[in-house]
Amino acid sequence: MKSGFITVLGRPNVGKSSLINALVGEKVSIVSPKAQTTRDRIMGVLTEDDCQMIFVDTPGVHKAETKLGEYMEKCVKGSTSDADAIVIVLDGSKKIFPSDLQFVEKYLKTTGIPVYLVINKTDVGKYEAIYPLLNQVSYLTKPDGDRRAVEDIIPTSAKKKTNIDVLKAALKTKLTDGAAYFPEDEYTDKNERYIICETVREKALLLLSDEIPHGIGVYMQRMYYEGDIAHIILDIIVEKESHKPIVIGAGGEMLRAIGEAARKDIERLLDSKVYLETFVKVRDKWRDDKSVLTEIGYDLKSLK
Ligand SMILES: Nc1nc2c(ncn2[C@@H]2O[C@H](COP(=O)(O)OP(=O)(O)OP(=O)(O)O)[C@@H](O)[C@H]2O)c(=O)[nH]1
Ligand SMILES: [Mg+2]
C-alpha cells in the first residue's frame, strides 16, 4: 500500500476545492463564486489501486481581519509541514502577479516538499490564452540558487475535468510505502454533521449577495430520525441585526430557497427524506468570538 498527504494551496477562488472534488470524485468541500468559501482544513480521501491519496483543502490565502481569519491562516500554515506534496493553484483565467510567483518560490526555497504548479480554469476563454501564463511560470521548472524547481506545471480545468488524471498520476509518484490512514470507503475526515452545515453555508453563499456571506456561520442544534425521516434543526448565524431580514428575505423567501437547495443535497448525502428547519440568529461580531467559533465547530485549539 502507498499513501500520502497532498496539500492544496492558493489564493481564494482559484478552484482549490473544485479541484479536490474532481480528484476525489465526491463532493468533499463546498464551492462558490465568493472568495473565502473554505474556512477549514478539509481532507478528501481517494483510495484506488493500492494507493491512498489524502488531499488537504485549505482556505484561500488572504489577510486575516478576524479571529476566524487568523484560524484560516493557521489552517494553511499547519497543513504544509507534513505534506508529501504541495499543489499550488493559480487561476488561469486571470493575470499572474509577482506576489503569486513569490508565493510559489517561498515553498521552493523554504521546504523540501515536492511542489506542483496547477493553472486551473483553462476552460475559460480560448485555450491559447494560457500560453503567456505558461511562459511566465516556465522559469520555475529550473532550479536557481537556493530555489528548487517545481516538479511540473499542469494546466487543468476542474469544471471540465481536464488533466485531472494527469495531475493524479503525477501526485501518485510522490506517495510513500505505508498504511492507509482512512478506511477504503471513506472520502473525507469530516462527519455528517459538518457536511450538512457546510451544505447549508454553500447554498447561502450561492444565493445571497456579496456583503453578507463572509459573516455567515451555520450551527446544528439537533438531528434525529423519526421513522426514516431525518429531522435537522439548524441556526444560520449572522453578525449584524441588519443582515437578518436579508437572509430571511421577503415573506421568508430567501431562507426557504436556501433550505430547499440544501435539503436536496442533504437527502442525497443521507439517502433519506429530510425535514430541515432553519433559524436565523444574530451573534454580534461572532467571527471574533472564540466561544461562538468553537461552538460552530472550528477547532481553534488544535491549531495553536
Ligand atoms: N470555469 C471554471 N470555473 C471554475 C473552475 N474551478 C473552479 N471554478 C469556479 O471558481 C469558483 C471558486 O471555486 P472554489 O473551488 O470554491 O475555489 P477555492 O479556491 O476553493 O476558493 P476558496 O475556498 O474561497 O479559497 C467557483 O465558482 C467554481 O465553480 C474551472 O476549472 N473552470
Ligand atoms: Mg475552497
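## A helix to start with

How many of the 9 residues of α1 are buried? In this predicted model, 9 of the 9 are buried, so helix α1 is largely enclosed by the rest of the structure. The buried residues run through Lys-16, Ser-17, Ser-18, Leu-19, Ile-20, Asn-21, Ala-22, Leu-23 and Val-24, which puts lysine, serine and asparagine under cover along with leucine, isoleucine, alanine and valine.

What covers α1? The cover includes strands β1, β2, β3, β4 and β5, together with helix α5. Just after α1 comes Gly-25, a residue with a positive phi near 80°.

## Around the ligand

Helix α1 is also a good way into the ligand site. The shell around ligand 1 holds 24 residues, and those that come nearest are Gly-15, Ser-17, Ser-18, Thr-38 and Gly-60. Helix α1, spanning residues 16-24, supplies the largest share of this shell, with 3 residues. Ser-17 and Ser-18 thus appear twice in the picture: they are among the buried residues of α1 and among the residues that come nearest to ligand 1.

If you are thinking about the chemistry of the shell, here is its make-up: 12 residues are polar, 8 are nonpolar and 4 are charged.

## Two nonpolar cores

The largest nonpolar core has 43 residues, and within it Ile-6, Phe-55, Ile-88, Val-115 and Val-118 have the most contacts. Two or more residues each come from β1 (2-10), α1, β2 (42-48), β3 (51-57), β4 (85-91), α3 (98-110), β5 (115-120) and α5 (164-172). Strand β4 gives the largest share, 6 residues. A second, separate core has 31 residues, including Leu-68, Cys-75, Ile-212 and Val-292.

Val-115 is a handy residue to click on if you want to explore the largest core. Setting aside neighbours within four places in sequence, Val-115 is in contact with Ile-86, Ile-88, Val-104, Tyr-107, Leu-108, Val-150 and Glu-151. One of these partners, Ile-88, is itself listed with the residues that have the most contacts inside the core.

## A look at Lys-109

Helix α3 gives two or more residues to the largest core, and Lys-109 lies in that helix. Is Lys-109 buried or exposed? Lys-109 is partly exposed, with 13 other C-beta atoms within 10 Å.

Beyond neighbours within four places in sequence, Lys-109 is in contact with Asp-146 and Arg-147. Gly-145 is 36 residues away from Lys-109 in sequence, yet their C-alpha atoms are 9.2 Å apart in space.

## The whole chain and its domains

Stepping back, the protein chain has 9 helices and 10 strands. Its radius of gyration is 20 Å, close to the 19 Å that the globule rule gives for 304 residues, so the chain is as compact as a globular protein of that length. Taken along the principal axes, the C-alpha atoms fill a box of roughly 60 × 40 × 40 Å. Of the 304 residues, 41% count as buried. Among contacts between residues at least 6 apart in sequence, 67% join residues at least 24 apart.

The chain is divided into domain 1 (2-177) and domain 2 (192-303), with C-alpha centres 28 Å apart. Where the two meet, 13 residues of domain 1 are in contact with 15 residues of domain 2. The side of domain 1 that touches domain 2 is made up of 4 nonpolar, 5 polar and 4 charged residues.

Key:
Residues numbered from 1 in each chain as written. Chains lettered and ligands numbered in written order. Predicted model: local features only at pLDDT ≥ 70, side-chain atom pairs only at ≥ 80, totals over all residues. Near = placed C-beta within 6 Å. Helix = DSSP H or I, 4+ residues; strand = E, 2+ residues; numbered from the N terminus. Nonpolar A, V, L, I, M, F, W, Y, C, P; charged D, E, K, R; others polar. Core = buried A, V, L, I, M, F, W, Y, C linked by C-beta atoms within 7 Å. Buried ≥ 20, exposed ≤ 12 C-beta atoms within 10 Å, placed from the backbone. Contact = placed C-beta atoms within 7 Å. Rg over C-alpha atoms; globule rule 2.2 N^0.38 Å. Domains from an automatic or database assignment.
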